[in-house]
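Welcome, and please take a look at the model below. A visitor and a guide will talk it through.

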Number of protein chains: 4
Amino acid sequence: MSRKQELRAEETKQSILAAATQLFGERGYDTVTMREIAKQAGCSHTTIYIYFHDKEALLHLLSMPPLDQLKQQLTDILHTAQQSAEQKWKAICKEMVRFCFMNKTMYPIFFNVRAVRVDEQEPELPINKLRNELFALLTRALQQCLQIDSNDERLLAFSRICYYTMHGIIGTYTHSEESAEQLLERLSTTFDTAFETLLLGFRQKLHQGDNHHENHTTV
Amino acid sequence: MSRKQELRAEETKQSILAAATQLFGERGYDTVTMREIAKQAGCSHTTIYIYFHDKEALLHLLSMPPLDQLKQQLTDILHTAQQSAEQKWKAICKEMVRFCFMNKTMYPIFFNVRAVRVDEQEPELPINKLRNELFALLTRALQQCLQIDSNDERLLAFSRICYYTMHGIIGTYTHSEESAEQLLERLSTTFDTAFETLLLGFRQKLHQGDNHHENHTTV
Amino acid sequence: MSRKQELRAEETKQSILAAATQLFGERGYDTVTMREIAKQAGCSHTTIYIYFHDKEALLHLLSMPPLDQLKQQLTDILHTAQQSAEQKWKAICKEMVRFCFMNKTMYPIFFNVRAVRVDEQEPELPINKLRNELFALLTRALQQCLQIDSNDERLLAFSRICYYTMHGIIGTYTHSEESAEQLLERLSTTFDTAFETLLLGFRQKLHQGDNHHENHTTV
Amino acid sequence: MSRKQELRAEETKQSILAAATQLFGERGYDTVTMREIAKQAGCSHTTIYIYFHDKEALLHLLSMPPLDQLKQQLTDILHTAQQSAEQKWKAICKEMVRFCFMNKTMYPIFFNVRAVRVDEQEPELPINKLRNELFALLTRALQQCLQIDSNDERLLAFSRICYYTMHGIIGTYTHSEESAEQLLERLSTTFDTAFETLLLGFRQKLHQGDNHHENHTTV
DNA sequence: GATGAATGAGCGTTCATTCAT
DNA sequence: AATGAATGAACGCTCATTCAT
């Protein structure tokens with residue numbers, strides 16, 4: 001009696017999640033309507049409200065599990081003994097790109113593009129906590145890699161620059177029709193180059209700063 | 001009679017364009033309504049449809065002049081005798097950011113984020129031509145700056161990386177409530193750092209490549 | 001087996017009635033949803049439809065017991081030996097107000113304000129019978145209090161006037177957010193005054209009528 | 001050109017107002033939908049939004065002109081030299097009843113039955129100002145009629161009681177299918193009796209109070 | 001007997017667009 | 001050329017109700 005129904009319910013819920021994931025991923029959060037999701041999921045639009053409180057909740061629930069998983073992965077990378085700090089940072093950057101390509105809905109959540117307020121307004125929201133933790137991870141990896149003090153203001157600037165580049169990479173291809181695999185295949189060396197470039201640049205910047213200092217002090 | 005009318009018509013059309021430019025620029029494409037544009041232009045919202053087929057057509061037409069102007073500016077920068085190639089490239093990058101901050105509509109157009117399909121579908125579209133020319137300019141500036149062959153495949157990768165970073169910068173702040181001026185005031189040194197970092201990185205990359213080559217040939 | 005089931009069924013039905021009584025009483029008919037009732041009753045919302053044809057039928061059925069109880073109370077008051085007719089009438093009026101405050105659903109039922117059609121359309125409806133009996137009680141109490149003939153047309157007018165005032169009192173506060181207790185605490189002396197005023201007025205009216213008569217006959 | 005259109009627009013607006021007046025009057029504010037109003041008015045539901053900002057605005061606009069008129073009438077009554085204070089007060093009460101019968105939408109506005117927040121929340125709202133002025137007029141008339149101090153707390157209680165009775169009278173018949181004329185024809189003597197009764201009662205109450213005082217002071 | 005799943009009708013509102021003049 | 005009037009489709013969401021088990 002209940003077994004079959006439970007199964008059916010889970011199926012419906014999953015089909016809604018699948019539909020929403022796909023549509024949000026393809027066309028972004030706010031251009032997709034509940035009715036479209038329902039149609040794609042093969043149910044009535046009211047059915048969605050049985051499983052999810054509202055459109056935004058759907059998006060959030062959609063995102064939590066993969067984000068949790070991502071956090072675990074990034075933490076694992078950071079704590080691996082076998083790799084250098086540089087390798088770790090690059091691995092983390094690449095993993096974030098890969099992850100966002102695989103979960104195209106993540107773009108508006110990570111980079112809170114309009115209409116999805118995942119930001120300061122409710123930092124208590126689990127998803128915001130997670131988001132912040134992820135970016136903190138990224139900053140820490142960069143700090144260890146550059147071996148600068150975590151209060152050094154240059155770390156903030158460098159973090160931002162990483163963020164911009166990642167945002168750009170992901171934003172550029174989020175609405176692409178190519179699959180994650182195709183994109184990674186075609187462009188991963190470019191992405192590698194991007195992160196390496198940044199790192200090289202950051203290091204030189206730091207040296208410049210030192211030299212400047214030296215120059216200043218010597219003169 | 002017809003003379004006067006023509007003039008009047010042109011005036012109306014221009015006032016619509018001006019209004020749309022301003023509003024789209026300030027608040028982006030889809031939060032602005034036709035009625036708001038009409039109000040600002042001092043005409044009825046139906047009048048807009050006399051001159052422009054629909055909202056999207058209006059956007060495209062309206063985007064041309066500022067893009068033309070931008071193109072002119074960038075071209076001017078590129079052809080100035082007084083500056084080094086590096087200075088030119090940085091100036092171009094900064095100008096593009098500034099321009100996109102001032103014209104918030106440009107974000108979806110430049111980086112063709114969904115909803116406004118300005119892309120492959122109709123590469124003949126004047127606006128797409130212009131867009132491509134602009135990015136070509138960027139690439140050329142970078143090429144001259146790095147002094148590598150325009151067919152060097154590394155140039156394509158580096159161009160893309162610049163594009164990502166610019167996309168990220170602009171995308172991060174396009175939906176911000178801060179004005180263009182505030183943003184530039186607050187963050188322009190970070191943006192400078194970003195572009196300098198990229199350049200430093202690119203150069204080192206090129207050297208690495210050379211060394212690799214050397215190593216390869218020696219061994 | 002059937003015995004147990006019957007019992008269980010009756011239990012469920014009663015818990016639904018109890019829940020609906022409370023919720024309707026607290027918040028009125030149309031702000032309460034079937035799901036809320038079900039939740040409070042500890043059953044599924046579909047279960048309600050097993051016992052009651054629809055929301056309105058539930059309301060009607062649910063209104064019977066308290067109305068029956070009210071009728072009993074008012075009858076008791078009317079038949080008490082210890083009180084004067086005036087005390088009885090006032091007690092009845094106050095009890096009706098108190099009752100309607102405690103059972104906010106009663107307002108639309110007693111005074112058949114739209115949405116719940118309990119009126120002439122089906123005078124056979126048990127609830128309408130009861131309603132009419134209650135108002136008949138009120139009239140009888142007033143008659144005994146004023147000691148006029150039950151066919152005296154002035155009794156009808158006076159009854160109506162009482163009805164208006166009670167309707168006004170209850171209607172004024174039914175949608176208030178104050179609890180029944182708070183309202184009674186704050187306003188019961190005003191209500192007392194209202195009923196006393198009416199009674200004083202009625203009596204004087206009767207005297208006036210007599211005097212008129214006297215005058216008429218004397219002159 | 002514009003003449004005909006203006007006329008047509010005014011017609012539409014009036015038909016919307018007429019439809020809304022009738023429907024609100026018949027079935028109350030919140031059970032009536034915009035689409036129903038539109039249907040009755042013979043236009044699309046979106047057309048309503050051309051002329052009225054939203055549903056509540058429609059109700060308010062519907063009410064202002066008649067309320068203004070009523071205020072004028074009541075003021076006139078109060079300032080007539082030829083009548084006694086008692087005549088004036090009774091005339092005012094009767095006029096309010098008559099007015100509400102003629103404008104059945106007024107019921108929820110005057111007596112702010114659920115969902116129409118015409119109350120404390122925004123006392124600045126023109127309609128609320130007007131409403132308060134009207135009730136102030138009523139109180140003043142009563143005060144002059146009873147010749148008691150305007151700060152006498154009994155005046156407040158008496159005013160409330162009048163309010164209840166008027167609320168009751170109007171509430172009882174607002175949803176009636178009888179026309180205003182029919183109702184007044186059939187019941188105006190009852191209403192007269194009601195107000196006379198109240199007045200007689202109030203006066204006696206005041207005397208009682210005096211006697212009490214006397215008793216208190218003498219003893 | 002009882003339930004969770006699912007639905008359709010409907011809500012107020014917005015907006016780009018078309019029609020008649 | 002230009003406009004005000006008018007519309008239909010759509011939005012997110014709620015609710016009483018029915019269906020299959």
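The conversation turns to two protein chains and then to a DNA strand.

Visitor: What kind of model is this, and how are its parts labelled?
Guide: This is a predicted model, in which local features need pLDDT of at least 70 and side-chain atom pairs count only at pLDDT 80 or more, while totals for chains, interfaces and linings use all residues. Side-chain values use heavy atoms, with hydrogens and water left out, residues are numbered from 1 along each chain as its sequence is written, and chains are lettered from A and ligands numbered from 1 in the order in which they are written.

Visitor: How much area do chain B and chain A bury between them?
Guide: Contact means heavy atoms within 4.5 Å, and here it takes 33 residues from chain B and 36 residues from chain A. Buried area is the accessible area (1.4 Å probe) that two parts lose on being put together, summed over both. Carbon and sulfur atoms carry 63% of it, and the total is about 2900 Å².

Visitor: Which side chains meet in a salt bridge at 2.1 Å, N to O?
Guide: A salt bridge needs a side-chain nitrogen of Lys or Arg within 4 Å of a carboxyl oxygen of Asp or Glu. The rule finds 2 across the interface of chain B and chain A. The pair at 2.1 Å is Glu196(A) and Lys205(B).

Visitor: What turn lays chain B on chain A?
Guide: Copies are superposed by least squares on the C-alpha atoms of residues with pLDDT of at least 70 in both. The fit has an RMSD of 2.0 Å and a shift of 0.6 Å along the axis, with a turn of 173°. The same surface serves both copies, as the share of contact residues of chain B that recur in chain A is 100%.

Visitor: Which residues come nearest to DNA strand F?
Guide: A residue is near a strand if one of its heavy atoms lies within 4 Å of it. Of the strand F atoms within 4 Å of the protein, 52% belong to sugar or phosphate and the rest to bases. Of the 41 residues around the strand, the nearest are Thr33(A), Thr47(B), Tyr51(B), Thr46(D) and Tyr51(D).

Visitor: Which residue has a polar side-chain atom 2.8 Å from a base nitrogen of DNA strand F?
Guide: Two residues of chain D approach phosphate oxygens of strand F: Thr12(D) at 2.7 Å and Tyr51(D) at 2.5 Å. The residue at 2.8 Å from a base nitrogen is His45(A).

How values were computed:
Polar contact = N/O pair within 3.5 Å; in protein donor to acceptor, adjacent residues only side chain to side chain.
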